[in-house]
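Student: I would like to learn how to read the bonds and ring contacts in a model. Could we go through one together?

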Amino acid sequence: MALSLKVVSLLCMSLLQFQSPAIAATSFIKSRAAYYPNSEQNGTADGACGYRLYGATLNGGDVSAASDLYRNGVGCGACYQVRCTNINYCSDNGVTIVITDLGSSGGTDFILSQHAFARMGQTVDTGKSLLDLGWVDIEYARVSCSYPNKNITIKIDESSIYPDYLAFVIEYQQGIKDIIAVQLCETVSLTCKLLDRSRGTVWAVVSPPSGPLSVRMLLSSNDDNDDESWATPINDIPVNWTPGTSYDSGMQIN
């Protein structure tokens, strides 16, 4: 009896070892990637997500435009591991990018910054060779965003007009969940308004509530066992908020 159990255990372990490469392979999706031919090394400050200058330097300039993955702005700020498949030029890990813009080119899912595109190479020289190709076959997977020592930041958009119109961008969101809805609440009366997604990741409201304001974010679920949930920052937007100013939320999503 003991011998039979041992044989069964060894057989199960062998099956798991045999299946693991296949499981790992299915986590990546095959596609193509190009890069902004006329861009700076970093990203663009005019991306559809509305990040402005933050979008050009975010993640060290390893950013990308996306087509289907843009998802009407819900995909803004999402992180992906992107690796090209040419064994002569491409590294095993590729590069981790952040979606900051909307765009497509010749059946690609990603239009990377030049900086990110070259970083898929094994070396600086092979990175330059990738740029010469213009586009490459890739595989990609959604991964968790990480911004060490950074809290979620509420950046008041320059289009805001105090006190009649408030628009803001949510920056430095860690993790793998999407922000699918946002409420703006008076901290005293707890009266809340559901905001409109103005464009990309810009959330806006006409005649915003007065007083210190609390931002509530509805986070997507990861799977069938994980429900959508609301997250509320520790720090509030002050009474006299100012266009162009960033406010530390005091919290992070993991």
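**Reading disulfides, rings and charges**

Tutor: Gladly, and let us begin with one pair: Cys84 and Cys90 form a disulfide, with their sulfur atoms 2.0 Å apart. Keep in mind that this is a predicted model, where local features need pLDDT of at least 70, side-chain atom pairs count only at pLDDT 80 or more, and totals for chains, interfaces and linings use all residues. Residues are numbered from 1 along each chain as its sequence is written, and side-chain values use heavy atoms, with hydrogens and water left out.

Student: What counts as a disulfide, and how many does a search of the whole structure find?

Tutor: A disulfide is a pair of cysteine sulfur atoms within 2.5 Å. Searching the whole structure gives four of them. Counting bonded cysteines along the chain, the disulfides follow the pattern 1-2, 3-6, 4-5, 7-8.

Student: Is the disulfide of Cys84 and Cys90 left-handed or right-handed?

Tutor: The torsion about the S-S bond of Cys84 and Cys90 is about -120°, so this disulfide is left-handed. For contrast in sign, look at Cys185 and Cys192, whose sulfur atoms are 2.0 Å apart in a disulfide. With 105° about the S-S bond, that link is right-handed.

Student: Are these cysteines buried or exposed?

Tutor: Buried means under 20% relative accessible area, exposed means over 50%, and partly exposed is in between (1.4 Å probe, protein chains only). Cys84 has a relative accessible area of 5% and is buried, and Cys90 is buried at 6%. In the other pair, Cys185 is buried at 4%, whereas Cys192 is partly exposed at 34%.

Student: Which parts does the disulfide of Cys49 and Cys76 tie together?

Tutor: For this we need helices (H or I, at least four residues) and strands (E, at least two), which are DSSP runs numbered from the N terminus. A disulfide joins Cys49 to Cys76, with S to S at 2.1 Å. Cys49 lies in the loop between strand E1 (29–35) and helix H2 (53–57), and Cys76 in the loop between strand E2 (63–66) and strand E3 (79–84), so the pair ties together parts that are 27 residues apart in sequence. Both Cys49 and Cys76 are buried, and their link is left-handed, with -90° about the S-S bond.

Student: Now for rings: how many aromatic pairs does a search of the whole structure find?

Tutor: Rings of Phe, Tyr and Trp (its six-membered ring) pair if their centres lie within 6.5 Å; planes under 30 degrees apart count as stacked, over 60 as edge-to-face and the rest as tilted. The search of the whole structure finds eight aromatic pairs. In one of them, the rings of Tyr80 and Tyr140 have centres 5.9 Å apart and planes at 75°, so the pair is edge-to-face. Tyr80 lies in strand E3 and Tyr140 in strand E6 (residues 135–143), so parts that are 60 residues apart in sequence are tied together. Tyr80 and Tyr140 are both buried. Elsewhere, ring pairs link Tyr51, Tyr54, Tyr147 and Tyr172 into a cluster.

Student: Which ring does the charged end of Arg32 sit over?

Tutor: A charge sits over a ring if NZ of Lys or CZ of Arg is within 6 Å of the ring centre and within 35 degrees of the ring normal. The charged end of Arg32 sits over the ring of Trp135, 3.7 Å from its centre. Arg216 lies over the face of Trp230, at 4.5 Å from the ring centre.
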